[in-house]
Amino acid sequence: MPSITLPDGSVRSYDAPVSAFDVAMSIGERLARACVGCFINDELSDLSTVIDADCELKLVTEKTREKKDDPDALQLLRHSTAHVMAEAIQRVIPEAMLVYGPPVDNGFYYDIAFPEDRPLKDGDFEAIETEMASIVKEDRKFTRYDLEYSEGLEKVKSEGSKYKLDNAHAAHRAGSMTLSFYATGEPGKDWEDLCRGPHVPSTGRIGAFKIMSLASSYWHGDENSDRLTRVYGTAFFNKKDLNAHLERLEEAKKRDHRVLGKKLKLFHIDEAVGQGLILWTPNGSVLRKELQQFIAAELEKQGYHEVFTPHIGKLDLYRTSGHFPYYAESQFPPLIERDHMVQLSDEGCSCAQLSNHMKTGEIEGFMLKPMNCPHHIKIYDSQPHSYKDLPVRLAEFGTVYRWEQSGELNGMTRVRGFTQDDAHLFCTPEQVGHEVQGCLSLVKTIFNILGMDDYRVRVGLRDPDSGKYTGDPSNWDKAEKACLEAAESLGVPFTQEPGEAAFYGPKIDFVVKDVIGREWQLGTVQVDYNLPERFDLSYIGADNEKHRPVMIHRAPFGSMERFIGVLIEHFAGAFPVWLAPEQVRVLPISEKSNEYAGEVLSALHAVGIRATLDDADTRVQAKIKQGAEMKLPYMLIVGPRDAENRAVSVRAHGIQKDLGAMPLDNFVSAIAEEYRTKGRSSVKDRFQLVSV
RNA sequence: GCCGCUGUAGCUCAGUGGUAGAGCACACCCUUGGUAAGGGUGAGGUCGUGGGUUCAAGUCCCACUAGCGGCUCCA
């Protein structure tokens, strides 16, 4: 006789075991029909689950009471759709072996092993979707049944899929004494799958679905294991929601920094130059220069000294730092001295021998620098330091080169040559906490100015079970404590992630999402006890003894390339005035107004505004459209009326209507102010007050 | 690096074995205009590269190269 507690605290008692659906029916038929699943004691379950003991029950309906999408309901729906898709795929390609098909953000996927002679092609989508539609139309019930483990295992074995057998073993290892199966319809008659569930009540609940794309994956995520085909799809309760989702994807595509980079002429990647190597066009260069000037000014305030170092360094430098040969895979191959090269070639040295010689140090050469630290360390070490000098803060917009895997390259966000807004701080152990805090506040300042508040902070700590870390455990304790305290003082949520530390020290990373939901690490602050050791760095303490300084690596933007890539998407290409490559465009209505337009342009140039003149022989409507497409902050329409009043008619980005006319001098001073204050005052504000 | 998809004019794309196309951008002409595309004419292509099949290849096959979506990786 179960007593069931509902979310509102009310308790319902039943004489006999009841299903969650029965409970819903006893509350109301309409509710029951809207239900797709339930939580029984906080565990997401089938609506058909029979309840025979006291519990808390929360029903899951298609939409929440506020008519919003219910994430739990969508998860049930999508997992169920994954089953329907798998059945449809096996109808089309019967030899397809299913592996694993979970719901994910925005949809679901199913990893499937296809026979080599019959891979899945995107041309198959239509046929599969047709099969899916018919399964949905049949409105078959998802029917669960549980078998005792050994019995279930026999059943899975008899089906002959090593993948499903593996899933069964995994379930057992996780402590499950039974195996659950779901039939899409009637067990023994209809299609079924080993599955933990839960599912929506029946296939008819799937209102709208679409197979999105094919990708590949590895079994167990192991690149040496079987290659699987991952079929991505999505599903919603109705067509309208699906269409809205597809439209959102289209919108996101328009914000993609690779698309906008081309349209707004911000950067170019050229096959002839090389993969992952960014060519900054004039527009993009303006953007980058503004950011660099901004950050350089902030650094000066914080007592940093700017330095410049070359793009290459001797191999031996990186042997000392430990970066070579341990990270040889992710570096550009070394440059070997000419005479050496000739000699080796005459000796008939093989590539493997050459590589060994370089590792052992028998051959000297240079490396494109994969990071700036060794160079900065050598600057620190070029003279003796007193504890009174510390901290020493060396900053450089340093360009580094890393051999990223070709498949990982992505627009500006994953490249092979990039410029870090790098700095290295050398300080006493006591100063670590304070310095880390200074770094974090700098990052926060920058993010605030740019209005980037949608990021997360990750504190990477040691994995207590791993021995890969170097350095004194007591120093680690201190550094981790300092990082956590610093993160706390930031006043934004952060996560602690054991095992995410670098081998030489803990770190704090800033992670932001791009328009399609991928996360990118931007700024980073890392505490390092290792390199000072390796390079035998020291300072003289108050006790007149040598002491080991601690190093802090920090790059608040991460790299100019990745940061600007993310920034393009953040602003959707509509940059604030201080960053906009073209801040103002002057649009004369006809040739008759060209002369006055020229005056306006000169007035803007005189105060350092990046302004251009569109004196093309087209109508002003066309000029406005073009300017709007370039997402210009301001367009000034000037015609005879404006010339007469020495005014400009203002159009601001994001405001459909024109703002009307404003005296030229007022506009000039207002936009100069908007530029200078990085948007804290704007033409738009001023416009309300002063107009003609 | 691996799997799949894609590569045609500056850009976005159509063209599936038989003379290379459209829109936008560009040039010239007409138009001199008041808030998201005025009209006309023209120029622009070794169809990513290299091989192969074929009487004939942008189209089919192979290799390479680059981009995209994932996987793996990211000091």
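# Helix faces and the RNA surface

Colleague: Which residues are exposed on the other side of α18?
Modeller: Glu595 and Ala606 are exposed there, on the side of α18 away from its buried residues. Exposed means over 50% relative accessible area, buried under 20% (1.4 Å probe, protein chains only).

Colleague: And which ones are buried in α18?
Modeller: Tyr596, Ala597, Val600, Leu601 and Leu604. They cover an arc of only 145° around the axis, so they sit on the same side of α18. The arc is taken over directions from the helix axis to the C-beta atoms.

Colleague: Remind me what I'm looking at?
Modeller: This is a predicted model, where local features need pLDDT of at least 70, side-chain atom pairs count only at pLDDT 80 or more, and totals for chains, interfaces and linings use all residues. Residues are numbered from 1 along each chain as its sequence is written, chains are lettered from A and ligands numbered from 1 in the order written, and side-chain values use heavy atoms, leaving out hydrogens and water.

Colleague: What's the confidence like in chain A?
Modeller: Mean pLDDT (the predictor's confidence in each residue, 0 to 100) is 90 for chain A, with 99% of its residues at 70 or more. Helix α12 (residues 351-360) is lowest at a mean of 75, and strand β31 (residues 584-588) is highest at 97. For the complex, the predictor gives an ipTM of 0.94 and a pTM of 0.89.

Colleague: Over to the RNA. How many residues surround strand B?
Modeller: 57, the closest being Ser216, Ser406, Glu408, Ser590 and Asp617. Near means a heavy atom within 4 Å. Of the RNA strand B atoms within 4 Å of the protein, sugar and phosphate account for 49%.

Colleague: Which element gives the most to that surface?
Modeller: α19, with 7 residues. Elements supplying at least two residues include β14 (208-218), α8 (257-263) and β34 (647-652). Helices are DSSP runs of H or I, at least four residues, and strands of E, at least two, numbered from the N terminus.

Colleague: What do the bases of RNA strand B meet?
Modeller: A backbone N or O atom of arginine 641 lies 2.6 Å from a base oxygen, and a side-chain N or O atom of serine 649 is 2.8 Å from a base nitrogen. Both pairs are within the 3.5 Å limit for a polar contact between N or O atoms.

Colleague: Where does glutamate 271 come in?
Modeller: An N or O atom in the side chain of glutamate 271 is 3.0 Å from a sugar or linking oxygen of RNA strand B.

Methods. Polar contact = N/O pair within 3.5 Å; in protein donor to acceptor, adjacent residues only side chain to side chain.
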